[in-house]
Amino acid sequence: MGCLTAAIPAYEIIEEPNVWIPMPDGARLAARIWRPVDSGPVPAILEYLPYRKRFGTVVRDALTHPYLASHGYATVRVDLRGSGESDGILTDEYLPQELGDGVETIRWIAQQEWCDGNVGMMGISWGGFNALQIAALQPPPLKAIVTLSSTDDRYADDVHYMGGCLLGDNLSWASVMFSYNTMPPDPDLVGEQWRKMWFERLEGSGLWVDTWLRHQTRDDYWKHGSIGEDYSAIQCPVYAVSGWADGYSNAVFRLLAGLKVPRRGLIGPWKHAYPHIAEPGPAIGFLQEMLRWWDHWLKGIETGVMAEPMLRVWMQESVPPSTSYSHRPGKWVAEEAWPSERIAELGFHLIANGSLSPEDSGQRFAKTLTSPLTVGLHGGKWCSYVGDPDLPGDQRYDDAASMVFDTEPLSETIEILGAPVVELELASNRPVAMVAVRLSDVAPDDAAGRV
């Protein structure tokens, strides 16, 4: 991506640790606000999450929000209704109540004397999801968003049912949110009512995995909040970001293809984290990159961000398989548009002898496979969001109990960008079956790294 010059802070800032934002029904949302001193009204940037502004995201917030505020923005970190010190109970992801509160929060921000009426929204994971979903509701003050590690399809490409297959993360994520929902609000901020609020959450938040397991196919439950159902609902510019070690890189390509608004995409080697603090490296100056985006869309400053290619991607080089890398070798590549006319499809055919050939033999064959449940243990975590990246290890361990098709040794380097597609004809002797297809890079010593 080249070098970004660090922008020199222009303003001293003040921080308001807890500000109450009133909702139309009388509830209050708790916000932490950073804003420049003696600047007059400025644009505002909202980050809207359930992870407790005085606990879950406090370290990350201390890097991101003061930086943007010092460059002439009011940044507002709000806890969802039922989380942190905000009133109410949180019973699931992305409910209409959450999205409606978000629209009302944007309206409130735009009306403050320190805001010039222009609002942006940024967020990663949950915050990236609701940035897309609230943008689809078209609140007038919302002028642009930055969405990281999010999805346009809550059923087929999310933590619950990837490709329709139940993920182990469906259970682990429910456990994470159960832990957050059973924490009390901070007595220093809510006063003597903290205990009452806590017991209301203990009794009312529910066991979310029960809901998710009752919706195992694509239905209206998952269509709600899936902006891929109607890309045209989003009318503001979108910057979509993810990483190859993340669970959400697919959505960047679909958003670029489906949206009709000004848009940019960025995919690095990173796990589920903001790119300025993410592993594997190289990290980038993402705060500076966001500043260019916000300056363009919220202040009307020509920063060059929209003169650049639509998509920038870290093209990873072939390396020995490992469950963790501190740095992933590669190079930045760019495409002016997506889908790209410069990318050609390369097709291979499955051959009965276990080969993968560019030539169709014309022979039809059938193979039977019942893999043991241990297959997948070397697949890594679907989405590494805590600690070191937990990446796919050597795939030979899983290959031993899988049906494998190999090409001849490649005579030249092949760069892959986009989503590989496989077409299979299947029959099953059970009412529910699952197929996982892996594409691996096999080294001369037969070590297999998952692509």
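Me: A disulfide is a pair of cysteine sulfur atoms within 2.5 Å. What makes Cys165 and Cys383 fail or pass that test?

Reply: The sulfur of Cys165 is 17 Å from the closest cysteine sulfur, in Cys383, and because that is too far for a bond, the pair does not meet the 2.5 Å limit. The structure holds 0 disulfides. Before we go on, this is a predicted model, in which local features need pLDDT of at least 70 and side-chain atom pairs count only at pLDDT 80 or more, while totals for chains, interfaces and linings use all residues. Residues are numbered from 1 along each chain as its sequence is written, and side-chain values use heavy atoms, with hydrogens and water left out.

Me: Why is Cys383 called buried?

Reply: Buried means under 20% relative accessible area, with exposed over 50% and partly exposed in between (1.4 Å probe, protein chains only). Cys383 has 1% relative accessibility, so Cys383 counts as buried.

Me: What makes a space a cavity rather than a pocket?

Reply: On a 1 Å grid over the protein atoms alone, a cavity is a set of points where a 1.4 Å probe fits but cannot get out, whereas a pocket is an open set with protein on both sides within 12 Å along at least five of seven lines. Lining residues have an atom within 4 Å of a point. Searching the whole structure gives 2 cavities of 30 Å³ or more. The largest holds about 70 Å³, and a volume here is the space filled by probe spheres set on the points, which are joined across faces, edges and corners.

Me: Which residues lie nearest the centre of the largest cavity?

Reply: Of its 12 lining residues, Tyr239, Glu289, Glu308, Pro309 and Arg312 do. Strand S10 (263-268) and strand S11 (311-316) each give two or more residues to this lining; strands (E, at least two residues) and helices (H or I, at least four) are DSSP runs numbered from the N terminus.

Me: How many lining residues of the second largest cavity are charged?

Reply: None: its lining has 7 nonpolar and 4 polar residues, and no charged ones. Ala, Val, Leu, Ile, Met, Phe, Trp, Tyr, Cys and Pro count as nonpolar, Asp, Glu, Lys and Arg as charged, and the others, Gly among them, as polar. Thr147, Ser149 and Ser150 are among the residues lining this cavity, whose volume is about 40 Å³.

Me: And what is the lining of the second largest pocket like by class?

Reply: That pocket contains about 650 Å³ of space, and its lining has 20 nonpolar, 4 polar and 4 charged residues. Helix H2 gives the most, with 4 residues.
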